[in-house]
Each structure stands twice: as C-alpha cells, then as structure tokens.
Protein chains: 2
Amino acid sequence: MSKLTATMSMSLDGFIAGPNDSVEQGLGENGERLHEWLADLASFHEHHGGTGGEHNPDSDLLEAVFQQTGAVVMGRRLFDLAVDAWGPNPPFRVPVFVVTHRGREPLAREGGTTFYFVTDGIESALRQATAAAGDKNVAVGGGANIIQQYLRAGLLDEIQVELVPLLLGAGKRLFDQLGPEPIDLEITRVIPSRRVTHLLYRVVK
Amino acid sequence: MSKLTATMSMSLDGFIAGPNDSVEQGLGENGERLHEWLADLASFHEHHGGTGGEHNPDSDLLEAVFQQTGAVVMGRRLFDLAVDAWGPNPPFRVPVFVVTHRGREPLAREGGTTFYFVTDGIESALRQATAAAGDKNVAVGGGANIIQQYLRAGLLDEIQVELVPLLLGAGKRLFDQLGPEPIDLEITRVIPSRRVTHLLYRVVK
C-alpha cells in the first residue's frame with residue numbers, strides 16, 4: 001500500500017531554509033548548510049546527473065528513499081524557485097504533481113520526470129500521485145507549507161527528518177502553523193551518523 | 001574542567017512547554033506530554049523523593065546527567081513557576097543560582113538544594129555556579145530564555161536534547177531569538193530509544 005512520506009533536512013532549531021530563499025539565493029542565507037551532508041554522497045551525485053561521491057550509510061539511506069518513491073507532490077513556490085536549478089534532467093525521475101492555482105500543460109523533462117500542474121487542491125494531487133506511484137510511495141517534496149497542509153489534513157503517513165547539527169537562527173520552519181492540537185508520532189527508526197541524524201517517524205492517526 | 005550544559009525535553013517541532021505555562025498549568029497545555037517518557041524512570045522517581053520506576057537506558061542516561069551536575073543556573077520565571085511544585089526536597093540536590101532582578105536571601109531546602117539569587121547577570125551566575133560545582137558540570141535548568149542567552153553569549157558548551165516524538169503545535173520554543181548568525185554543533189552521541197531520542201551536541205565555538 002502506497003504511503004505519503006516527507007523527507008527533509010532540518011536544522012536542530014527547525015529550519016529547512018534560511019531567510020530570503022529565492023531563485024537567486026536558493027535555500028536562502030546559510031540555507032545551503034542544511035544540505036552539506038548530501039553533497040559528497042554517491043546517491044546524490046547519481047540522481048543529479050553526475051558520478052562519483054561517497055558510498056556510506058547516508059548515501060544508502062538516500063538511495064532507498066529514491067527507490068521507494070513512485071511519484072512526488074510539491075508546492076508551486078518550490079517549483080518556481082527550483083525548476084531552473086534542477087535543469088533538463090531533474091533528480092526525481094518520476095511524475096511530479098505541482099499544486100498550483102494556475103493550470104498549465106505538463107512539462108516533460110529527461111530521465112522520467114514530468115511535471116503535472118494540479119489546480120484542484122492537495123487531495124486531488126495526492127490521488128493522482130498515488131495512481132502514478134503504483135505500489136511505491138508518494139513523497140511530498142516540499143516546501144514547508146504543503147507538508148504542513150498534508151499534516152493538518154491527516155494525510156501524511158511518515159516523516160523522515162535528516163536532523164542537521166546546526167542552529168540556523170532564522171528562515172523557514174518545517175513544523176509551523178500546525179495548530180494547537182498535538183500530533184502524535186511513533187519513532188520508527190533512528191540512524192546516527194557523523195554529519196546528520198536520520199529520524200524516521202510514523203504519524204499516529 | 002567544568003562544562004556548561006543544558007538538557008531539555010523538546011518536541012520534534014521545537015517546543016519545551018505548551019501554551020500558557022503557569023503555576024497552575026505547569027508546562028502549559030499538553031506540555032506534560034513532553035515529560036511522559038520520564039515519568040516511569042527509576043532515576044526520575046529517586047530524584048523526586050520516590051522509589052520504584054523502571055531501570056533502562058533512559059533512566060541510566062538521566063542518572064548520569066544528575067551525577068555529572070555540580071550546580072545549576074536557572075531563570076527567575078522558571079523558579080517562580082516551579083518552586084512550589086518542587087516542594088521541600090527539590091530534585092537538584094546541588095546549589096542552584098537563579099538569575100533575577102530582585103535580590104533575596106538564599107533559600108535552603110532539604111537534600112542539598114539551596115537557591116541563591118543572582119542580580120548581576122548570567123555571567124556572574126555562571127561564575128558562582130562554576131565555583132560551586134567543583135570539577136562537575138554546571139547545568140542550565142531553563143527556561144528557554146536563559147538557555148538562549150547563554151547560547152548567544154557563546155558560553156554554552158553542550159546541549160542534550162531529549163527529542164520527543166510529538167508535534168506539540170504551539171508553546172515555547174527552545175531555540176528561538178538566537179539571531180541570524182548560525183551556531184555550529186557537533187554530534188557527540190545519539191542514543192535511540194523507544195519513547196525518546198537522546199541527542200548530545202557540542203557547541204562549536
């Protein structure tokens with residue numbers, strides 16, 4: 001059965017981007033620091049059209065996330081910010097459903113990534129992504145806002161936090177605007193590593 | 001050499017208390033959920049004047065923190081909120097230095113806890129606590145505000161986060177108002193457990 005998952009690199013103080021994220025600034029001031037642990041990994045290189053990099057448990061974990069993902073949903077702002085940076089061969093290699101208010105034709109890129117634009121909300125995007133994913137998972141690619149929407153709607157099944165040993169101090173928080181009702185999680189797996197702590201949680205519904 | 005440490009139970013979304021913490025409400029709405037993992041531990045019972053409880057790795061870790069702590073510094077608001085709840089035999093059993101604007105005579109309680117009231121700032125409190133701690137550590141007992149002050153001042157050496165699998169949604173954040181300059185941490189130790197993840201960091205200076 002297909003699950004809805006989100007995997008994000010987050011600083012210990014809860015940020016997944018620095019202040020002023022933009023097309024020019026990418027992840028915002030100091031935001032790239034959140035992804036430093038990724039940069040040397042073989043699986044990251046491979047999915048970004050390169051070769052080389054390090055094979056280690058971090059890389060294997062990342063590769064497992066890629067392998068288990070059959071489709072992606074994401075917010076329109078993330079798409080706008082990052083589509084140029086992803087280039088002609090984006091790292092997803094599966095159908096990507098972008099939740100937006102403005103419809104447009106699908107955008108097919110190399111390597112199996114096609115962006116579809118969904119104008120009737122997050123539940124519709126999830127239904128379409130689930131159909132496309134087959135027996136694999138649907139990943140919420142971000143940003144924070146759409147992850148929060150899926151959490152509030154009770155639709156997110158798993159959260160994988162890559163907890164980065166850094167206090168960023170400012171930027172965009174992953175867990176914000178969730179409302180005053182607590183959401184219970186269950187620790188599924190904790191994998192310590194030198195540069196990041198891999199935390200996998202099941203959302204208790 | 002004595003270190004300045006802070007050990008706090010924090011929800012995955014960064015809260016160490018719920019909304020409206022007060023003398024009556026304790027840790028605020030749903031805030032007690034952050035300490036549920038503690039309630040069954042033998043070391044917690046023992047330091048709160050009871051007996052029984054479970055001996056397990058969580059309990060041993062908590063006991064190690066108690067054993068390594070020679071003095072405590074805390075904020076005035078935490079003292080005001082919790083002094084009655086701590087009762088005649090508070091769990092510290094070491095000198096406690098309360099940073100406040102209003103001086104008063106030391107308050108001696110049973111079991112080795114004496115509260116001293118320091119009116120000339122966090123650095124003075126740290127100096128007095130360090131002298132009292134001998135070769136043991138000084139713990140910042142909280143709340144969030146004074147921990148943030150020691151972090152901003154570059155005086156905190158270690159942070160132990162007891163990461164609770166819970167999205168509290170609202171309340172008081174541990175890491176807030178730190179300013180836009182990132183603070184680097186180094187992962188010292190990660191100990192997974194069923195109900196909490198023990199994360200120990202060194203603050204890189």
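**View 1. Strands E11(A) and E12(A) form a hairpin, with 4 residues between them.** This is a predicted model, in which local features need pLDDT of at least 70, side-chain atom pairs count only at pLDDT 80 or more, totals for chains, interfaces and linings use all residues, and side-chain values use heavy atoms, with hydrogens and water left out. Residues are numbered from 1 along each chain as its sequence is written, while chains are lettered from A and ligands numbered from 1 in the order in which they are written. Helices (H or I, at least four residues) and strands (E, at least two) are DSSP runs, numbered from the N terminus. Two strands pair if DSSP finds at least two bridges between them. In this hairpin, E11(A) and E12(A) pair antiparallel over 7 bridges. Look for Leu185(A): its bridge partner in E12(A) is Val203(A).

**View 2. Ten strands line up in an open sheet that ends with a strand of chain B.** The order of the 10 strands is E5(A)-E6(A)-E4(A)-E3(A)-E7(A)-E1(A)-E8(A)-E12(A)-E11(A)-E9(B), and the pairing is mixed. Strand E5 (107-108) of chain A and E9 of chain B stand at the edges. Each has a single partner strand, so one side of each is left without a neighbour in the sheet. At the chain B end, E11(A) and E9(B) pair antiparallel over 2 bridges. Here Ile183(A) has Leu167(B) as its bridge partner in E9(B).

**View 3. E8 and E12 of chain A run antiparallel, and helices pack on their sheet.** Strand E8 (residues 158-164) and strand E12 (residues 197-203) of chain A are joined by 6 bridges. Val161(A) stands opposite Leu199(A) in E12(A). Helix H3 (residues 57-68) of chain A packs on the sheet, and the strands of chain A that H3 touches include E1 (4-11), E3 (69-75) and E7 (137-142). Contact means heavy atoms within 4.5 Å. The direction of H3 makes about 90° with that of E3(A). Axes are lines fitted to C-alpha atoms, for helices over the stretch in contact, and angles run from 0 to 180 degrees between N-to-C directions. Helix H6 (residues 144-152) of chain A runs at about 135° to E7(A). H6 lies across several strands, among them E9 of chain B.

**View 4. Asp157(A) and Lys205(A) meet in a salt bridge (2.7 Å, N to O).** Asp157(A) lies in the loop between H6 and E8 of chain A, and Lys205(A) in the segment after E12 of chain A, so the pair ties together parts that are 48 residues apart in sequence. A salt bridge is a side-chain nitrogen of Lys or Arg within 4 Å of a carboxyl oxygen of Asp or Glu. Side chains of opposite charge can pair when their charged atoms come close. Over all chains, the structure holds 18 salt bridges.

**View 5. The second open sheet listed here carries E9(A) next to E11(B).** Its 10 strands have the order E9(A)-E11(B)-E12(B)-E8(B)-E1(B)-E7(B)-E3(B)-E4(B)-E6(B)-E5(B), with mixed pairing. E9 of chain A and strand E5 (107-108) of chain B stand at the edges, each with a single partner strand, so one side of each is left without a neighbour in the sheet. Strand E9 (residues 166-167) of chain A runs antiparallel to E11(B), joined by 2 bridges. The bridge partner of Leu167(A) is Ile183(B), and that of Leu166(A) is Asp184(B). E11(B) and E12(B) form a hairpin with 4 residues between them. Within this sheet, strand E4 (residues 95-99) and strand E6 (residues 114-118) of chain B pair in the parallel sense over 5 bridges. Phe97(B) stands opposite Tyr116(B) in E6(B).

**View 6. Chain B and chain A meet through 36 residues from each.** The area buried between them is about 2,800 Å², with 63% given by carbon and sulfur atoms. Buried area is the accessible area (1.4 Å probe) that two parts lose on being put together, summed over both. Between the chains there are 4 salt bridges. In a salt bridge, the side chain of Arg173(A) meets that of Asp176(B) (3.4 Å, N to O). The chains also share 8 residue pairs in polar contact, both residues at pLDDT 80 or more. On the side of chain B that touches chain A, strands E8 (158-164), E9 (166-167), E11 (183-192) and E12 (197-203) give two or more residues. E11(B) gives the most, with 6 residues. That side of chain B divides into 23 nonpolar, 5 polar and 8 charged residues. A polar contact is a pair of N or O atoms within 3.5 Å; within protein, one must be able to donate a hydrogen and the other to accept it, and residues adjacent in sequence count only if both atoms are side-chain atoms. Ala, Val, Leu, Ile, Met, Phe, Trp, Tyr, Cys and Pro count as nonpolar, Asp, Glu, Lys and Arg as charged, and the others, Gly among them, as polar.
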